[in-house]
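Please find below my notes on this model, set out as numbered points. They start from a single residue and work outwards.

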Amino acid sequence: MAERVFGDVKGVPVGALFPDRKAVAAAGIHKPLQAGISGSANEGADSIVVSGGYEDDFDDGETLIYTGHGGRDQESEKQVAHQELTRQNKALALNKQLGLPVRVVRRVEDPKVLSSGMNYRYDGLYFVTDYWCEPGKSGFLVYRFRLEKDPFLVPPMAGVQSDVPEDDAPAPVITTAQAERRLALVNRIKRDSKVTKAVKKMHDDTCQVCGVRLVTPLGAYSEAAHIKPLGMPHNGPDSTDNVLCLCPNHHVLFDYGVFAVNDDFSLVGTGYEGQVLRRVAGHQINLEYLQYQREHYFFLDIRSR
């Protein structure tokens with residue numbers, strides 16, 4: 001069994017065209033002939049195909065909001081059931097945690113290209129920067145993944161491929177290309193440092209969950225966690241009522257939906273029973289944003305069991 005390759009495939013440039021899924025698979029870009037996500041729940045996802053099959057997808061080239069796997073009727077291709085954080089969905093979610101790139105293949109829409117018999121295009125590497133759960137247009141819960149193209153990634157970053165059976169294969173050697181300097185334009189969300197500094201100061205850099213105040217040789221350290229994410233499609237505001245002061249551990253756990261905050265500021269989540277969010281005078285927290293986080297992120301904790 002060949003090793004799963006995360007990154008570019010040697011000999012296949014970005015922009016390469018293919019007549020069908022069989023050709024894409026033969027090139028090693030996306031091996032499944034039908035599934036849109038190629039991956040393992042234990043390893044991560046190495047590639048996806050964007051074919052416009054899901055009604056909830058969004059794609060502007062640089063940013064892709066990709067709907068997860070499952071819950072569709074094979075004949076009508078309509079969503080008829082809730083999706084779950086298992087199999088391919090869990091694989092793609094794991095990419096965010098591990099920072100693994102995913103190859104993106106798109107179905108061609110340009111009539112001129114289609115007239116040449118080419119139907120699929122390899123569009124390079126993307127990173128999963130966020131994922132959440134929400135009702136789709138059909139009313140059923142779907143998983144959404146935000147993928148962003150990284151212009152600074154220097155290909156190739158792939159493991160050595162092997163046709164030797166897995167039991168007999170030697171330990172793989174992972175190599176990367178020599179670093180290069182390239183000019184790239186990147187769109188970033190501009191955050192107001194005054195907002196995060198104000199929240200941290202109000203709490204004296206003390207975590208609102210565990211009460212820990214980390215002190216380094218450079219001073220106290222804490223992190224500002226946005227309750228409703230700033231990026232599209234969430235579009236949360238960069239304001240103090242949308243920010244919590246957390247330690248690094250609880251910032252990660254909050255972002256991954258391990259716990260949430262109820263409207264009465266009690267914490268909810270396994271191991272958080274009976275705990276209440278620490279609050280200080282002058283720091284108002286918008287209950288609407290807390291509800292948004294519960295519905296879109298804390299639900300991950302429930303559905304993954």
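**Notes on the predicted model**

1. Asp 130 is located in strand 7. The model is a predicted one, and the points below should be read as such. With a relative accessibility of 11%, Asp 130 counts as buried, the cut-off being under 20%.

2. Which residues does Asp 130 touch, leaving out those up to four places away in sequence? They are Lys 96, Arg 144, Phe 145, Arg 146, Pro 229, His 234 and Tyr 297. With Tyr 297 there is a side-chain to side-chain polar contact of 2.6 Å. Leu 147 is 17 residues from Asp 130 in sequence, and the two C-alpha atoms are 7.4 Å apart.

3. Strand 7 covers residues 120-135, and 13 of its 16 residues are buried, so the strand is largely enclosed by the rest of the structure.

4. Strand 7 has several pairing partners. Strand 8 (residues 141-149) runs antiparallel to strand 7 and is joined to it by nine bridges; here Tyr 131 stands opposite Phe 145. The two strands form a hairpin with five residues between them, and Gly 139 in the turn has a positive phi of about 95°. Strand 6 (residues 101-107) also pairs with strand 7 in the antiparallel sense, over six bridges, with Pro 101 and Phe 127 as bridge partners. Strand 1 (residues 17-18) is antiparallel to strand 7 as well, over two bridges, and Phe 18 has Tyr 120 as its bridge partner.

5. The whole structure contains four aromatic pairs. In one of them, the ring centres of Tyr 131 and Tyr 256 are 6.3 Å apart and the planes are at 65°, so the pair is edge-to-face. Tyr 131 belongs to strand 7, whereas Tyr 256 is in the loop between helix 5 (248-255) and strand 13 (260-261), so the pair ties together parts 125 residues apart in sequence. Tyr 131 is buried, at 10% relative accessible area. Another pair, Phe 254 with Phe 259, is tilted, with 5.5 Å between centres and 50° between planes; both of these residues are buried.

6. Tyr 131 and Tyr 256 also form one aromatic cluster with Phe 145. Over the ring of Tyr 256 sits the charged end of Lys 96, 4.3 Å from the ring centre. Lys 96 is also one of the residues that Asp 130 touches. Elsewhere, the charged end of Lys 228 sits over the ring of Tyr 292, at 4.7 Å from its centre.

7. How many residues make up the largest nonpolar core? The number is 20, and the residues with the most contacts inside this core are Ile 48, Tyr 66, Leu 92, Phe 145 and Leu 147. At least two residues come from each of strand 3 (44-50), strand 5 (63-67), helix 2 (87-98), strand 6, strand 7 and strand 8. In soluble globular proteins, nonpolar side chains tend to be buried together.

8. Beyond its neighbours within four places in sequence, Ile 48 is in contact with a list of residues including Leu 64, Tyr 66, Leu 92, Val 102, Val 104 and Leu 147. The contacts of Ile 48 are not all nonpolar residues, since His 30 and Arg 103 are among them. Apart from the largest core lies another of 17 residues, among them Val 261, Leu 277, Tyr 289 and Leu 290.

Key. Residues numbered from 1 in each chain as written. Predicted model: local features only at pLDDT ≥ 70, side-chain atom pairs only at ≥ 80, totals over all residues. Heavy atoms only, no water. Buried < 20%, exposed > 50% of the residue type's maximum accessible area, 1.4 Å probe, protein only. Helix = DSSP H or I, 4+ residues; strand = E, 2+ residues; numbered from the N terminus. Pairing = 2+ DSSP bridges. Phe/Tyr/Trp six-rings, centres within 6.5 Å; stacked < 30°, edge-to-face > 60°. Lys NZ or Arg CZ within 6 Å of the ring centre and 35° of its normal. Contact = heavy atoms within 4.5 Å. Polar contact = N/O pair within 3.5 Å; in protein donor to acceptor, adjacent residues only side chain to side chain. Core = buried A, V, L, I, M, F, W, Y, C linked by side-chain atoms within 4.5 Å.
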